[in-house]
Amino acid sequence: MARPPIILIPSCSNDIRGHASHTVQRKYTDAVFYGSDMTPLLIPAMGSALDIEVLLGVASGIFLSGSPSNVGAALYGEEVTQPHLPQDHLRDDVTIPLVKAAIARGVPILGVCRGFQEINVALGGSLHQAVHDLDDYDTHLLQGDVTPDERYGFSHPARLVEGGVLHQMLGKTDIQVNSVHGQGIKFLAPSLVAEAFAPDGLIEAFRMKDHPNFGIAVQWHPEWKMSENPDSIAMFKAFGQACLDYSNTQ
Ligand SMILES: N[C@@H](CCC(=O)NCCCC(=O)O)C(=O)O
């Protein structure tokens, strides 16, 4: 019997007016619901207290969202160099084991921004903690007080790797992407294959080569106004189809 069409979305841990809370921005649940035609189910940010295998037992897919918080630097063997920025160990302690277990089971995964970064870390890669402080790279984050439309508007081109999964999915090698991140990939994990690059050479997308089904992540935000961007529509649709195919094999 097929699994229910459920895509798990790990929450962030946030303080809301003094109350510890689990949060996921609506743009992510909406993109999964309307773009992938699947039911989003939020996983609480309860760290290692959660049983990952129980969660995977009901999942047809995993969506890893962006977040203002940074992935814990200790997870890739570094000290935190940006201590003024938020971290979220409760989310890390869910997502890092979840990524490895989902790949082992073949559960489709789509990652965005922080989600992209945490997949790389989960699989043994590392991050630049402040891309904008490095001479070799452009700034990938609009500083200052800007509107959401300005912050999530197109920022730079991305070149998709010829013959890659994203190239085949979108039918072209050159797209425009938004950019809302201070961190970026330093060392790509051995089991990941770059799928797109920014003009400065920063990796903008990868696929998980050990994933038997769908394992894609991007540094940009395809969920932002998804229905207005044909590339984003294609990505969420392909993810939804992969989740459906997976659920029908279970
Ligand atoms: N903190 C990391 C991850 C960046 C990220 O996910 N940005 C999105 C912010 C809010 C959202 O739209 O979910 C970094 O700075 O690289």
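In what order do the nine strands of the open sheet run? The order is β4-β1-β5-β6-β13-β12-β11-β8-β9, and the pairing is mixed. At the edges stand β4 and β9 (174-177), each with a single partner strand, so one side of each is left without a neighbour in the sheet. Direction ignored, neighbouring strands of this sheet are turned by 25° against each other on average. Please keep in mind while looking around that this is a predicted model.

**Helices on the sheet**

Two helices can be followed across these strands. Helix α3 (residues 89-105) lies across β1 (6-10), β4, β5 (61-64), β6 (109-112), β12 and β13 (215-218). Its direction is at about 145° to β1. Helix α4 (residues 114-122) lies across β5, β6, β11 and β13, and runs at about 115° to β6.

**Two antiparallel pairs**

Here are two strand pairs, side by side, with one bridge picked out from each.

| Strand pair | Residues | Sense | Bridges | One bridge pair |
|---|---|---|---|---|
| β2 and β3 | 12-16 and 19-23 | antiparallel | five bridges | N14 and S21 |
| β11 and β12 | 192-197 and 203-208 | antiparallel | five bridges | V193 and R207 |

The β2 and β3 pair is a hairpin with two residues between the strands. In its turn sits R17, whose phi is positive at about 45°. As for β11 and β12, both appear in the order of the open sheet, where β12 is followed by β11.

**A look at P44**

Next, a stop at a single residue. P44 belongs to the loop that links β4 (39-43) to α2 (52-56). Is P44 buried or exposed? The answer lies between the two: P44 counts as partly exposed because it has 14 C-beta neighbours inside 10 Å, where 20 or more would make a residue buried and 12 or fewer exposed. Leaving aside residues up to four places away in sequence, P44 touches S11 and H22. H22 falls within strand β3 (residues 19-23) of the hairpin. From P44 to T29 there are 15 residues in sequence, and their C-alpha atoms are 14 Å apart in space.

**Around the ligand**

Finally, which residues are closest to the ligand? They are G66, C113, R114, H181 and Q183, out of 14 residues that surround the ligand. By class, this shell has ten polar, three nonpolar and one charged residues. One of the closest residues, R114, also belongs to helix α4 (residues 114-122), so you may like to trace that helix back to the ligand on your screen.

Technical notes
Residues numbered from 1 in each chain as written. Predicted model: local features only at pLDDT ≥ 70, side-chain atom pairs only at ≥ 80, totals over all residues. Near = placed C-beta within 6 Å. Nonpolar A, V, L, I, M, F, W, Y, C, P; charged D, E, K, R; others polar. Helix = DSSP H or I, 4+ residues; strand = E, 2+ residues; numbered from the N terminus. Contact = placed C-beta atoms within 7 Å. Pairing = 2+ DSSP bridges. Axes fitted to C-alpha atoms, helices over the stretch in contact; angles between N-to-C directions.
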